[in-house]
Every structure is written in C-alpha cells, then in structure tokens.
Amino acid sequence: MLRRLFALVSLCALAVAAPAQATSLTPKLPLALYGDESVATTDDARAMLFNPAATGLRYPGELLISYARFDAHHAWNSTLWTRNGVGLQMLRQRDTSQTYGAVFAWGSDRLRFGWSPYWLISGQPVRQTVGDHRIGLLSRPAPWMSAGFTVDHLFQPIFRGERRARWYTLGVGLRPLALSRTQAYGWGTRLTLSGEVTIVDDGEWRQARVHVGGQFEALPGITLRAQAEDHGHLKLGITFSGVRSTAGVAHAQDADRTLYQAYTLSMHQGEERTVLPSRGQQRIALVRVGGALADEAVSGVSLLSGGVSSTTSSRPLSRALVQALEDPLTRGVMLDLQGAGGMAQLEELRPRIERLRAAGKPVVANLQYGATRGDLYLASACDRIVASEEASFAGLGLRAERRSYKQALAEWGLKLDRSSIGAFKSAFRNFSVDSTPPADTLAIEHALTQQQAMFVHALAAGRRMDESRVLPFLDGRAYSAADLAGGGLIDSVGYREDAVRLAGMLAGLGAKPRMMDLGSTSVARRAWTVPRRIAVVYLSGGIEEGRSGNDLLTGPFMGDQTVAAQMEKAFHAVGVKAVVLRIESPGGSSLASNLIDHTVQRLKRETHLPVIVSMGGVAGSGGYYIACHADRIWADPSTRTGSIGVLFVKPSWEGFYAKHHVRQEDFQRGDGMAGWSVARDWTPALQASADSAIARSYEQFVAKVADGRHLPLADVREAAQGRVWMGEDALQRKLIDGLGGMEAALADARARGGIPAGEKIALLEFGRPRPGLIARLLGGYVRESLADQMHVHAFEGAQARMGDEWGDLAP
C-alpha cells in the first residue's frame with residue numbers, strides 16, 4: 001500500500017510542476033524541537049513542520065512556542081497553533097526571514113491527508129515573498145505500526161535566487177510493546193522507534209538523508225528522545241509533561257560541534273497522564289443524576305401517558321463514572337441526586353460506584369432536594385449521604401393504579417373490540433372490562449412484591465443495616481432529613497458545601513477541593529489506532545412499521561426500516577467484532593417485530609458476528625420477539641420481559657353514530673370486511689375470526705421463541721400466556737441467559753468476538769438517528785416531523801399487536 005501511495009503522490013507532484021533542475025539539492029530539514037521528530041510518529045503541533053496529515057491527532061487543541069539558538073547572532077522563534085486538524089504557524093529567523101502558514105488535516109487512522117500552504121518572507125538583501133506547499137499522508141493500520149509520507153516544496157518555488165528542490169520523505173514508526181494487544185493501549189505506547197529516508201527530486205542517492213530515532217517514556221510524563229542521521233548529526237532531547245502543558249529541551253550536534261539548542265513550551269487541551277501534576281490539579285468529579293433515565297434521551301407527546309414525556313440518557317453518567325475511576329487526577333466523586341428514576345439504568349450505575357470505592361476513591365451523595373426511590377437506591381452505594389435540612393422524603397413506597405373505561409366509553413357510544421391470546425396479556429384490556437381481572441391482579445401484586453424486596457435488600461446492604469429498619473420509611477408518609485439520619489438511611493444533615501467539604505476530606509484534598517465536571521475534559525490521545533470495536537445498537541420505544549418517529553397515542557417508537565438501516569451499518573462497520581442490541585421496548589406491531597427479527601438473523605448469517613442482547617427496564621412482547629434469536633440475552637434484575645402474547649384492538653363508533661342519529665349503509669364484497677370497520681361492532685362471528693387470526697400469530701410467536709432459545713414448545717407455552725417476568729423469574733424459565741447489565745453483555749460480546757479480556761475495546765454506538773441540517777433547512781424535516789407527531793395506530797389495518805402496558809410501579 002505504501003508503494004502505491006508513494007507512486008501516486010510522486011506522479012501528482014510531477015504533474016503540477018515541469019521538471020526543472022534545482023540549484024540547491026540538499027534537503028534543509030526543519031529544526032528538531034523535541035529531538036525525535038518523524039513524519040510517521042510526530043502527531044502534535046510539531047507535525048505542521050514535518051507531516052501535516054498528523055496535525056492535531058494527539059491533542060484537541062495546542063499552542064506551542066519554541067526558541068532555538070545557534071549562536072549569539074542566529075536564532076529561530078516558532079509559534080504553532082492547532083485545533084482539531086486545523087493549524088497556523090509562524091516561524092521567524094532573526095534578521096533574516098519569516099514563515100507564515102496554515103495546515104489542514106483530515107481522514108481516519110487508516111489513511112489521513114494533510115496540506116500545508118505557507119509563505120516565506122525575506123527581508124535581506126531584497127524583500128521577497130514566496131508561496132510554498134507541503135502535503136502529507138499518514139497511515140496507522142495497527143497499534144504498533146505507523147507510516148508517513150510527505151512531499152515538500154511541491155511547486156519548487158524560487159527563493160533568494162535559488163529554486164527550492166522538491167523532496168520526498170518516507171518514514172515508518174514501530175511500537176514493539178504494542179505487539180501485545182493487551183498492552184497496546186497502555187505500556188505499548190511508551191516505547192516508539194522511527195526510521196525515515198528523505199530523497200531529493202532530480203538528485204542523487206548520496207544526497208539522501210536517513211534518520212533513525214526513538215522515544216521512551218521512562219516515567220509517565222518524562223520522555224527521553226533521540227535521533228541520529230547518517231551524515232553524522234545527533235539530536236537528543238527530554239520532555240516533561242504536566243497535565244495540560246509540556247516543556248522540552250533538545251540538543252543537536254554533528255561530529256565536532258554543537259549545531260543548536262531548542263527550548264519548547266506547549267500548552268494543550270488534552271490531559272496527559274503524568275507523575276508531575278500539582279496537588280492543585282487533583283479534583284473531585286461532580287456527577288449530576290436526575291430525571292427519568294433511559295438508554296437514549298427521547299422526548300415526545302403521548303396521550304396515553306398524559307402529555308409530553310421525556311427521558312434522560314444514562315450513557316453520559318456511565319462514562320463519567322468510568323472516567324473518574326481511570327483518571328489519576330480524580331480522587332473522589334460527588335453525586336448530585338435530583339429525582340433519578342429508571343431502575344434498570346440505576347442498577348447499572350451502582351456497580352460503577354462500588355468500583356470507585358474499592359479503588360480508594362470515596363463517593364459522597366448530596367440530596368439537596370430530598371430523594372426519590374431511585375435517589376436513595378443510588379445513594380445507598382456511596383460512602384456518605386448528606387441531605388439538606390428541609391429536604392423532602394415522601395411517598396417512598398410503591399403504588400399501582402388501574403382504571404377501567406368500559407362504562408365510560410359506553411356512555412359515549414364507544415366500544416373497543418379486542419382479541420388477545422394469553423390470560424396475562426393486559427394491554428388495552430382496561431378499555432373493555434369493568435374491573436381488573438384476576439390474572440392482571442396477580443401480575444401486579446407479584447411485581448410490586450419483587451420490586452419492593454429488591455429495593456429493600458439493596459438499601460439494607462448498602463447501608464449495612466437490617467432490612468427491618470428500612471421498611472418503616474417506605475410506608476408512603478413524609479419524613480424529614482433528621483428522621484432518615486436517625487434511622488441510618490443517611491449520614492448527616494447539611495448543605496451542598498458540607499457535602500463538598502466531606503468529599504474533600506475523605507479524598508485527602510482538604511475542606512475546599514477542586515470540583516470538576518469530567519464531561520468538560522479530554523484526554524491526550526497516545527494510541528495510534530482505535531481499539532477493536534463492539535457495535536451497540538440502541539432499540540428504544542414501541543415497535544412500528546416504517547421509519548422511527550413519535551406516536552400521538554403512545555409516544556416515541558422505533559420503525560423497522562430505521563432499525564434495519566442502523567443494523568446494516570453496525571454489522572458491516574470496519575473492525576467490529578461483535579454486536580450488542582440494547583433493547584428498551586414494550587413491543588408493538590407484530591409485523592414490524594418479525595421484520596426486525598428477520599434482519600437480525602440475516603445479518604448474523606451474512607457477517608458471522610456474534611449478537612448479544614442487553615435488556616433495559618423493559619423488553620417485553622415485541623421487545624422480546626426481536627431479542628430471542630440473539631446468541632445470548634442479558635437482563636437486569638428489575639427488567640420486565642417476556643409477555644409472550646398477541647392482541648388486536650379496534651375502536652368501534654357504531655354506538656356513537658346511533659346516539660347521534662348518524663345513519664350508515666354498508667356495501668362490501670367479503671363477509672369479513674366489516675371486522676375492519678371502525679363504524680361496526682364485532683359480531684360473534686367476527687370476534688371468532690379475529691381470535692383465530694390472533695391464535696395463528698401467537699403460535700408463530702411461541703415457535704420463534706422456541707427456535708431462538710432452543711427450548712421445547714411446552715416450556716415456552718408454560719412461560720408465555722402474556723405473562724410479564726422480572727429478571728430472576730425470566731432466568732429460571734430460560735427466557736434469558738444471565739442477570740447483568742450492559743457491562744455483562746459487553747464482556748460476553750468481547751469473549752465471543754475473540755477479544756482477550758485484558759484488551760481495551762471501543763464502542764461504536766448507533767442510536768436514534770437525527771435528520772441532517774440540510775434536510776431541516778429545506779423544510780422536509782418539518783413536514784416529516786409533523787406527520788410523525790400526528791401518527792396514530794392504524795387499528796383499521798390488518799395488524800396484530802405485540803405490546804403491553806408498562807406503567808411504573810412507583811409514585
């Protein structure tokens with residue numbers, strides 16, 4: 001590949017300028033600022049002078065200032081600035097010349113391009129300004145290998161009476177320790193070797209320059225650097241990196257004299273992992289947790305849920321806790337808890353808090369406004385809990401309400417025709433009955449008992465107290481912070497500054513520690529490649545046909561077409577070793593569920609990639625249907641899954657029309673066509689026809705589960721009937737393979753994808769897509785969004801439903 005790139009760039013260079021004999025054929029290479037510069041390995045701001053393709057790879061932003069002294073009368077000043085692949089440079093040689101330029105870099109790890117136009121200005125003996133160009137390529141196909149190629153003086157300009165010879169540089173960088181995949185992103189980055197050759201266009205081989213060099217990070221932040229040239233030049237350097245700054249000294253000499261010394265200071269945005277941080281840079285991470293947590297931040301209008309609904313993504317919270325664990329500057333964490341909900345997501349955050357504590361990083365929970373059940377659940381895993389004096393702790397029990405609308409609808413002349421299979425299939429049943437059936441009562445009571453038991457056990461274990469001491473506070477009455485402190489559920493009554501002081505003291509940072517939101521920080525990139533990847537596809541909301549959108553009745557939904565497109569990208573992405581489907585869905589259209597399930601099976605066959613399912617708070621009915629052909633299924637203890645059943649509902653306005661003297665006459669071909677009309681009630685014959693169709697769909701659902709889970713049909717039938725199961729129940733019935741959240745699913749995916757346990761991985765995430773800016777500006781987005789917002793279930797269509805009602809069993 002490098003030979004082809006070399007030939008391509010050479011041809012391009014020869015094409016843009018006619019062959020001309022340069023009067024100066026000796027490459028005048030840029031100064032070494034740190035002592036080990038190479039077109040293959042230098043990837044901070046210095047890359048502007050060596051290989052523009054590598055500019056900005058190490059730091060998101062950087063300002064580098066350097067001074068090089070030749071003797072008392074000759075010196076160079078260099079100022080380089082970069083920001084996300086764009087940069088500016090200013091070089092000044094005392095009383096002689098100046099250089100101003102820019103750089104533009106783009107591409108991926110496998111192949112990056114760079115272009116640097118610059119202008120040389122001479123003040124002596126005659127003022128002259130000349131434009132010049134440098135182009136570069138960079139390829140990093142593996143964590144241990146990097147290759148760079150540059151063409152300098154692309155158009156061979158004439159400067160100070162001499163034509164500047166075009167020269168080519170080809171370099172290779174190696175990281176021997178990164179040959180071990182488990183060390184590639186740790187120790188593997190600390191030793192780098194480089195070699196390169198520079199040849200002159202129309203020159204002779206004896207004029208070529210060969211360099212070999214390397215760098216070794218003896219301690220984190222302290223790096224020794226060296227480079228030797230075949231013509232006798234030797235460059236030595238050392239750099240000292242702080243968290244956001246680096247200072248370096250370089251010395252260049254030939255066989256018998258010193259050439260120059262360079263002193264460099266860099267200030268950068270990406271934080272370095274170093275042994276040289278000041279105590280003032282150590283900090284407490286501030287993590288705010290609140291709102292209804294879900295895998296994706298989604299908002300929409302839902303008439304059935306009472307208006308506008310919105311969720312907060314838990315992914316940034318997970319990343320913040322992981323970053324706090326890995327960051328050596330972070331000595332502790334303070335959680336600001338403000339009404340957190342979503343037990344499945346909270347169950348996944350809790351182990352991260354426990355790992356922080358095990359690593360010696362204390363975690364303090366601040367309950368400034370009081371607490372919900374979710375707040376207490378997460379806070380109980382912390383070292384200390386502080387609540388303000390007037391904080392409210394009310395309604396901490398569980399309650400489920402079920403309303404029946406049959407008589408109310410009848411007074412309006414409305415009726416809901418319904419057909420379902422499964423005694424426990426409860427969706428929309430409250431529109432066609434006068435009271436809660438025994439099966440639904442049993443399911444609700446069982447769920448309440450299980451959720452309460454899990455919650456009490458978690459609080460008692462976290463607070464190291466008997467469960468009998470927790471239960472009195474869950475009776476639904478209001479309690480003060482002093483009451484909870486007396487009962488041992490919190491540690492002290494105080495305000496935010498008291499929580500900050502406590503966190504600082506526990507972390508050894510004093511009473512006024514530095515607080516920081518880690519989301520505003522970035523880490524310097526040291527690795528040459530992104531770790532091997534696991535794709536994660538987030539499947540959230542009800543399941544419908546077509547594209548994803550928002551349903552006026554039930555809220556945001558996923559469309560089978562959108563999901564299929566996301567899965568195609570995930571399964572065929574470069575470097576992906578396994579795919580995780582994160583499902584948070586109560587179900588929906590049986591047809592759309594079948595199409596998504598078919599997509600999963602087809603892509604598994606085509607790519608031979610393992611597929612792991614991780615269930616969120618709910619993955620039932622159609623949500624379970626799309627999961628059952630995965631290689632493994634993981635669920636949290638509080639996950640509600642199963643609900644293997646099918647239903648069909650259709651509103652009927654026949655009574656309403658009769659009450660209001662609306663006469664309807666029917667003309668049809670086919671006795672069963674009246675069954676699809678919203679203006680006719682079902683007759684016994686039509687009800688029997690619907691029951692028969694739903695029974696067929698139910699049998700197909702059961703067969704799919706038996707096939708995907710490798711279970712006897714009898715076992716699936718026993719677990720089906722529309723019954724909702726919590727995680728432990730589902731595991732006992734082999735509907736899932738294990739209890740665990742996203743981390744367990746990723747560990748499983750890693751193992752099945754052939755990635756060693758100690759090797760770092762990267763997640764390639766696919767969530768609900770957003771329309772592009774162009775589409776929004778052209779107005780198509782507005783029209784499509786309006787259509788999505790006004791979408792209503794097509795009850796009159798031939799469609800069976802795999803869904804259920806999933807109200808929170810909480811205040």
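## Exercises on a predicted model

Arg463 and Asp491 form a salt bridge in which the closest N and O atoms are 3.0 Å apart. The model is a predicted one, and the exercises below start from this pair.

**Exercise 1.** Place the salt bridge between Arg463 and Asp491 in the chain, and state for each partner whether the residue is buried, partly exposed or exposed.

Solution.
- Step 1. Locate the partners: Arg463 belongs to helix 7, while Asp491 sits in the loop between helix 8 (481–487) and strand 25 (492–493).
- Step 2. Take the separation in sequence: the two are 28 residues apart, and the pair links distant parts of the chain.
- Step 3. Classify Arg463: its relative accessible area is 14%, and the cut-off for buried is under 20%, so Arg463 is buried.
- Step 4. Classify Asp491: with a relative accessible area of 35%, this residue is partly exposed.

**Exercise 2.** Describe the salt bridge of Asp132 with Arg164 in the same manner, then that of Arg680 with Asp666.

Solution.
- Step 1. Recall the principle: side chains of opposite charge can pair when their charged atoms come close.
- Step 2. For Asp132 and Arg164, the closest N and O atoms are 3.5 Å apart. Asp132 lies in strand 6 (residues 128–142) and Arg164 in the loop between strand 9 (162–163) and strand 10 (167–174), 32 residues apart.
- Step 3. Asp132 is buried, at a relative accessible area of 1%, whereas Arg164 is partly exposed, at 25%.
- Step 4. For Arg680 and Asp666, the N to O distance is 2.8 Å. Both residues are in the loop between helix 13 (654–659) and helix 14 (684–709), 14 residues apart.
- Step 5. Asp666 has a relative accessibility of 42% and counts as partly exposed.

**Exercise 3.** How many salt bridges does a search of the whole structure find, and which residues are linked in a network of salt bridges?

Solution.
- Step 1. The search of the whole structure returns 49 salt bridges.
- Step 2. A network of salt bridges links Asp36, Glu37, Asp44, Arg46 and Arg225.

**Exercise 4.** Characterise the largest cavity by volume, lining and contributing strands.

Solution.
- Step 1. Count the cavities of 30 Å³ or more: there are five.
- Step 2. Take the volume of the largest cavity: about 310 Å³.
- Step 3. Find the residues around the centre: of the 25 that line the largest cavity, the closest to its centre are Arg46, Arg58, Gln215, Arg225 and Glu272. Arg46 and Arg225 also belong to the salt-bridge network of Exercise 3.
- Step 4. Divide the lining by class: three residues are nonpolar, nine polar and 13 charged.
- Step 5. Assign strands: strand 12 (209–219) and strand 13 (222–229) each supply at least two lining residues.

**Exercise 5.** Repeat the analysis for the second largest pocket, and identify the element that gives the most to its lining.

Solution.
- Step 1. The second largest pocket holds about 2,100 Å³ of space.
- Step 2. Its lining comprises 46 residues, of which Val322, Glu326, Lys760, Ile761 and Ala762 are the closest to the centre.
- Step 3. The elements giving two or more residues are helix 3 (315–326), helix 4 (343–358), strand 27 (533–540), helix 17 (742–752) and strand 39 (762–766).
- Step 4. Helix 3 gives the most, with eight residues.
- Step 5. By class, the lining has 20 nonpolar, seven polar and 19 charged residues.

**Exercise 6.** Which residues make the nonpolar surface patch of about 950 Å², and which strands each supply at least two residues of the patch?

Solution.
- Step 1. The patch is made by Leu63, Ile65, Trp81, Val86, Leu88, Phe104, Trp106, Phe113, Trp115, Leu265 and Met267.
- Step 2. At least two residues each come from strand 1 (61–71), strand 3 (86–93), strand 4 (97–107), strand 5 (112–122) and strand 16 (258–268).
- Step 3. Check one member: Met267 is in strand 16. Patch residues need over 30% relative accessible area, and Met267 is partly exposed at 38%.

**Exercise 7.** Examine the backbone and surroundings of Phe428, Ser621 and Gly370.

Solution.
- Step 1. Phe428 has phi near 65°, a positive value in a residue other than glycine. Phe428 lies in the loop between strand 24 (415–421) and helix 7 (438–463), and is buried at 18% relative accessible area.
- Step 2. Ser621 has a positive phi too, near 55°. Ser621 falls in the loop between strand 33 (611–620) and helix 12 (622–625), and is buried at 0%.
- Step 3. Gly370 is in the loop between strand 22 (363–367) and helix 5 (373–379), buried at 4%. Its C-alpha is 4.2 Å from that of Ala391, with the two positions 21 residues apart in sequence numbering.

Terms used: Residues are numbered from 1 along each chain as its sequence is written. This is a predicted model: local features need pLDDT of at least 70, side-chain atom pairs count only at pLDDT 80 or more; totals for chains, interfaces and linings use all residues. Side-chain values use heavy atoms; hydrogens and water are left out. Patches are made of residues with over 30% relative accessible area and no salt bridge: like charges are joined within 9 Å, nonpolar side chains (Val, Leu, Ile, Met, Phe, Trp, Tyr) within 5 Å. Accessible areas come from the Shrake-Rupley method with a 1.4 Å probe; for residues, only the protein chains shown count as cover. A salt bridge is a side-chain nitrogen of Lys or Arg within 4 Å of a carboxyl oxygen of Asp or Glu. Helices (H or I, at least four residues) and strands (E, at least two) are DSSP runs, numbered from the N terminus. Buried means under 20% relative accessible area, exposed over 50%, partly exposed in between (1.4 Å probe, protein chains only). On a 1 Å grid over the protein atoms alone, a cavity is a set of points where a 1.4 Å probe fits but cannot get out, and a pocket is an open set with protein on both sides within 12 Å along at least five of seven lines; lining residues have an atom within 4 Å of a point. Grid points are joined across faces, edges and corners, and a volume is the space filled by probe spheres set on the points. Ala, Val, Leu, Ile, Met, Phe, Trp, Tyr, Cys and Pro count as nonpolar, Asp, Glu, Lys and Arg as charged, and the others, Gly among them, as polar.
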